[in-house]
Amino acid sequence: MLQVIEAIANAIAHTDGCSLLDVDPGLSTNRTVYTFVGSPESVLEGAMNAARTAYQLIDMRSHQGEHPRMGAMDVCPFIPVHNTTMEECVEIAHEFGERLAVELGVPVYLYGEAAAEEKRRLLPSVRAGEYEGLVEKLEDPEWKPDFGPSDFIPSWGATAVGARKFLIAYNVNLLGTKEQAHHIALNIREQGKEKPGRLPKVQGMGWYMEEANIAQISMNLVDFEVTGIHTAYEECCNKAEELNLGIIGSQIVGIVPLKALMDAADHFMKKENLFILEEDQKVRLGAALGSMVGFLTYGNRKFHHLDTKMRELIAPLYKAMKDLLPFVDADAAAFSEYMLAVKLPNDTEEERKARETAMQSGLLTAVQVGVRVLETAVWGTYYNVVTNLKDIKDEELRTKMQAEIDEALTTAQQNCTAVLKVLDERKE
């Protein structure tokens, strides 16, 4: 299975003008989501290359999985991201659907904004009956494919091609059964079992992840500006509580718009009455723990006696948080450097050496970034301990622990310097 996933990823990544952003496979769903961007022409070619590879490697006759599906390339949506309109995406969807049907000889249905008729706008309607029901569906004149034959292609099935807004695939983990997860999904999704659910622009179902031994309430947030991640999560929590079931986190499949995460951060900061200085604090690593202590302590009447010290600490802690932002970008760049190296040719001995050198360079960069983040995280944690230590009444214990954390901080800083020196020497 991994070879198939990698082959399709490589087919997309090696398309001129295509940037493969994310590959998200699921074990229980037996389904992989690929996210890639580029110019309209590049993305269309990337999708065609992915389809050609899937046609050679996937046989639907042996496919099983928790997620609804009807084809080897089950669904291919085109989404306007930047300097592109929905109308252009509709045109690309039509062109891709026609090319796919002509070149591979497979049935293609249009959905979303690209749909030719209203009843085909919703993907669940197009996919109803799934792969197992395709023989009957293709024989129905009402469900004649928009492109390609009405013949059943056992190895492929059928493909849905569409144009839509950015969709967030979001799953909430439930300590319960598949049936309980599905019950909650029916209550919250827009199209309920017998009446509309509580959340507009939400599709949902329940399934069970054998590899994690948990159930999931699986949702598609069709328009996150109507129903956001935080709203979906809290509604799942409320419904689970009614059934005396536990929620243990959640999962985002693929990638999401930054605004969706910022909206969720805004919601929970207001709910928890958190004090922040500016918007970009919502996404932080490393020193977040230390700055959180300062922000929650400063201005709190209970800790009024610490205000003077907090004024001293918040500024450097906040600076540390700001300093970490480049590390986030650097880490992403290091990963990209390594992945590009992996894709280099390795047919000849010379090519293999060049590829190995490039891979090692990417890994070293990633390690250097990690060491810097670790150093900053240690510093933030140090001040978290110092702040809490002052309330310890046992003076002997307090003195001993202060000495221990001072020594630990010094050791961490020395080791960080030593590791970076070794890495720099290896690069020379």
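Here is a walk through the structure, from its overall make-up to its strands, cores and salt bridges.

What you are looking at is a predicted model, in which local features need pLDDT of at least 70 and side-chain atom pairs count only at pLDDT 80 or more, while totals for chains, interfaces and linings use all residues. Residues are numbered from 1 along each chain as its sequence is written, and side-chain values use heavy atoms, with hydrogens and water left out.

Let's start with the overall picture. The protein has 12 helices and 9 strands; these are DSSP runs numbered from the N terminus, with helices being H or I over at least four residues and strands being E over at least two. Of its 428 residues, 41% are buried, where buried means under 20% relative accessible area, exposed means over 50%, and partly exposed is in between (1.4 Å probe, protein chains only). Among contacts with a separation of 6 or more, 67% are between residues 24 or more positions apart; a contact here means heavy atoms within 4.5 Å. The protein exposes about 23,500 Å², and carbon and sulfur atoms supply 54% of that. Accessible areas come from the Shrake-Rupley method with a 1.4 Å probe, and for residues only the protein chains shown count as cover.

Now to the strands. Strand 1 (residues 19-26) pairs with strand 2 (residues 31-37) in the antiparallel sense, over 7 bridges; two strands count as paired if DSSP finds at least two bridges between them. One spot to check is P25, whose bridge partner in strand 2 is T32. The two strands make a hairpin with 4 residues between them. In that turn sits N30, with a phi near 50°, a positive value in a residue other than glycine. N30 is partly exposed, at 26% relative accessible area.

Further along there is another hairpin, made by strand 7 and strand 8, again with 4 residues between the strands, and here N213 takes the positive phi, near 60°. Strand 7 and strand 8 (residues 214-221) run antiparallel and are joined by 8 bridges, with G206 standing opposite I217. Strand 7 (residues 202-209) is largely enclosed by the rest of the structure, because 7 of its 8 residues are buried.

On to the inside. A nonpolar core is a set of buried Ala, Val, Leu, Ile, Met, Phe, Trp, Tyr and Cys residues joined through side-chain atoms within 4.5 Å. The largest such core has 48 residues, and F78, F96 and W156 touch the most other members. Helix 3 (residues 86-104) gives this core its largest share, 9 residues. Apart from this core lies another, of 23 residues, including V172, I217, A240 and L245. Back in the 48-residue core, F96 is in contact with L44, A47, M48, M73, C76, F78 and V161, leaving aside neighbours within four places in sequence.

Helix 7 (residues 229-242) is worth a stop, and K239 lies in it. This lysine is buried, with a relative accessible area of 16%. Beyond its neighbours within four places in sequence, K239 is in contact with I184, N187, I188 and R198. R198 also meets E235 in a salt bridge (2.7 Å, N to O). E235 lies in helix 7 and R198 in the loop between helix 6 and strand 7, so the pair ties together parts that are 37 residues apart in sequence. E235 is buried at 10% relative accessibility, whereas R198 is exposed at 54%. Past the helix, in the loop between helix 7 and strand 9, comes N244, which has a positive phi near 60° and is exposed at 72%.

That salt bridge has company: the whole structure holds 20 of them, each a side-chain nitrogen of Lys or Arg within 4 Å of a carboxyl oxygen of Asp or Glu. One of them joins E66 and K178, with the closest N and O atoms 3.7 Å apart. E66 lies in the loop between helix 2 (40-57) and strand 3 (75-78) and K178 in helix 6 (residues 178-188), so this pair ties together parts that are 112 residues apart in sequence. Both ends are partly exposed, E66 at 26% and K178 at 37%.
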